[in-house]
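Hello,

Here is the structure I promised to pass on. My notes on it follow below.

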Amino acid sequence: MFPAGTVRDGPTGKPWRGIDPTAKGVHWRYPPERLEELDREGMLYWGREGKGLPQLKRYLVEGEGAALQDIWTDIAPINSQAQERLGYPTQKPEALLERIIFASSNPGDLVLDPFCGCGTAVVAAQRLGRRWIGIDITHLAVNLMRTRLRDTFAEDVQFSIVGEPTTVEGAAELARTDPYQFQFWALGLVGARPHEERKGADKGIDGRLYFRDDPKVPAKQVIISVKAGNTGPAHVRDLAGVIERERADLGVLITMRDPTRPMREEAASAGFYDSAWGTRHPRLQILTVGDLLAGRDIDRPAARLLNVTFKRAPKGERKVAESQEGLFDEIV
């Protein structure tokens, strides 16, 4: 600010684009070269007909806004229609965890969530460029987190899982000590979601996968059954019946033991599924835990349309505020 009646003799007091600031008792806020840069960047507003005094545009995303209070009411909870809803009972909105992590850490910091459930905290940390460690006691939660991270970030995220069986012997021990956790772990090997998250009758379905080989029709489903003990042709026939009942397109039996010849023959009798892309896949397949640990996967249509569950949020648009800031400083 300057004493009344004074003018600037420097660059900010010189005419620019035919406008003499000293005649109006003011001076430019920026020198002419900066004004030219702002105009080239589209940061100046010249009025509706382009003939007014220039004003500086201010975007909403550039404003500091008001400080957050103790009670947050602008983030909605996960409801039954929310796109990010996974069905996990204690799931929190990603926006909530992103705000907490953004406000309390810096890029590269380490975020620890020792009860991470469906993994909202680790997803938010990954999105914000933080390192992270997530801990949970159940293989159901580990399976869900692994699938969520891969669905959300694809090849952009690298992580390792500690505490899961890595050998057939380890899998057999898990099956012996906790059959339900074994089931959740085995489903995780093929990226499937559990059909039921609690103990009880499963109607022959332990997990499901979905895929699309034709964008014009509803998603197709893969029914998965997991058996930790002895298996025989009757289990294959049961799964074939479930496929028919559920009108599924593929069925997979995951076993600890190698299938017998009668089991393989029973599976072969189910025929093939012909995809819209012209590929053919056995309609009923038998995979052992050893197969899966060795890297074998379900024989199914190409993965480009498989299990697309989570979508990236659309990028925020840069919006112009209703009012513009002037380019002059008054001389008083």
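Cys118 is buried, with a relative accessible area of 4%. Keep in mind that this is a predicted model. Cys116 is buried as well, at 6% relative accessibility. Why is there no bond between the sulfurs of Cys116 and Cys118? The two sulfurs are 8.7 Å apart, which is too far, and Cys118 holds the cysteine sulfur closest to that of Cys116. The cut-off for a disulfide is 2.5 Å between sulfur atoms. The reverse search gives the matching result: from Cys118, the nearest cysteine sulfur is that of Cys116, and Cys118 is in no disulfide. The total for the structure is zero disulfides.

Now the overall numbers. The protein chain has 332 residues, and 37% of them count as buried. Nine helices and 14 strands were assigned in the chain. Take the contacts between residues at least 6 apart in sequence: 58% of these join residues at least 24 apart. The accessible surface is about 20000 Å². Carbon and sulfur atoms account for 51% of that surface.

Next, the core. In soluble globular proteins, nonpolar side chains tend to be buried together. Here, the largest nonpolar core has 23 residues. Phe182, Ile224 and Ile254 have the most contacts inside this core. At least two core residues come from each of these elements: helix 5 (168-177), helix 6, strand 7 (207-211), strand 8 (220-227), strand 9 (250-255) and helix 9 (289-293). Which element gives the most to this core? Helix 6 does, with four residues.

Helix 6 spans residues 179-189 and is mostly covered. Eight of its eleven residues are buried. They are Gln181, Phe182, Gln183, Phe184, Trp185, Ala186, Leu187 and Gly188. Leave aside residues up to four places away in sequence, and Phe182 touches Ala171, Leu174, Ala175, Val226, Ala228, Met256 and Val289. After helix 6 comes Gly191, with a positive phi near 75 degrees.

Two isoleucines are worth a look.

Ile223 sits in strand 8. Its relative accessibility is 0%, so Ile223 counts as buried. Beyond four places in sequence, the residues Ile223 touches include Gly204, Ile205, Leu239, Val242, Leu250 and Val252. Glu246 and Arg208 are also among them. The C-alpha atoms of Ile223 and Asp249 are 8.1 Å apart, with these positions 26 residues apart along the chain.

Ile101 belongs to helix 2 (residues 94-104). Buried or exposed? Ile101 is buried, with a relative accessible area of 5%. Neighbours within four places aside, Ile101 is in contact with Val111, Ala121, Ala124, Ala125, Leu128 and Arg130. Ile101 and Ala125 are 24 residues apart along the chain, and 6.8 Å separates their C-alpha atoms.

Last, a strand pair. Strand 4 (residues 110-113) and strand 5 (residues 131-134) run parallel, joined by four bridges. Leu110 has Arg131 of strand 5 as its bridge partner. How does the chain get from strand 4 to strand 5? The path goes through helix 3 (residues 120-127), and this β-α-β crossover is right-handed.

Best wishes

Definitions and conventions:
Residues are numbered from 1 along each chain as its sequence is written. This is a predicted model: local features need pLDDT of at least 70, side-chain atom pairs count only at pLDDT 80 or more; totals for chains, interfaces and linings use all residues. Side-chain values use heavy atoms; hydrogens and water are left out. Buried means under 20% relative accessible area, exposed over 50%, partly exposed in between (1.4 Å probe, protein chains only). A nonpolar core is a set of buried Ala, Val, Leu, Ile, Met, Phe, Trp, Tyr and Cys residues joined through side-chain atoms within 4.5 Å. Contact means heavy atoms within 4.5 Å. Accessible areas come from the Shrake-Rupley method with a 1.4 Å probe; for residues, only the protein chains shown count as cover. Two strands pair if DSSP finds at least two bridges between them. A crossover is right-handed if, with the strands pointing away from the viewer, the path from the first strand over the helix to the second runs clockwise.
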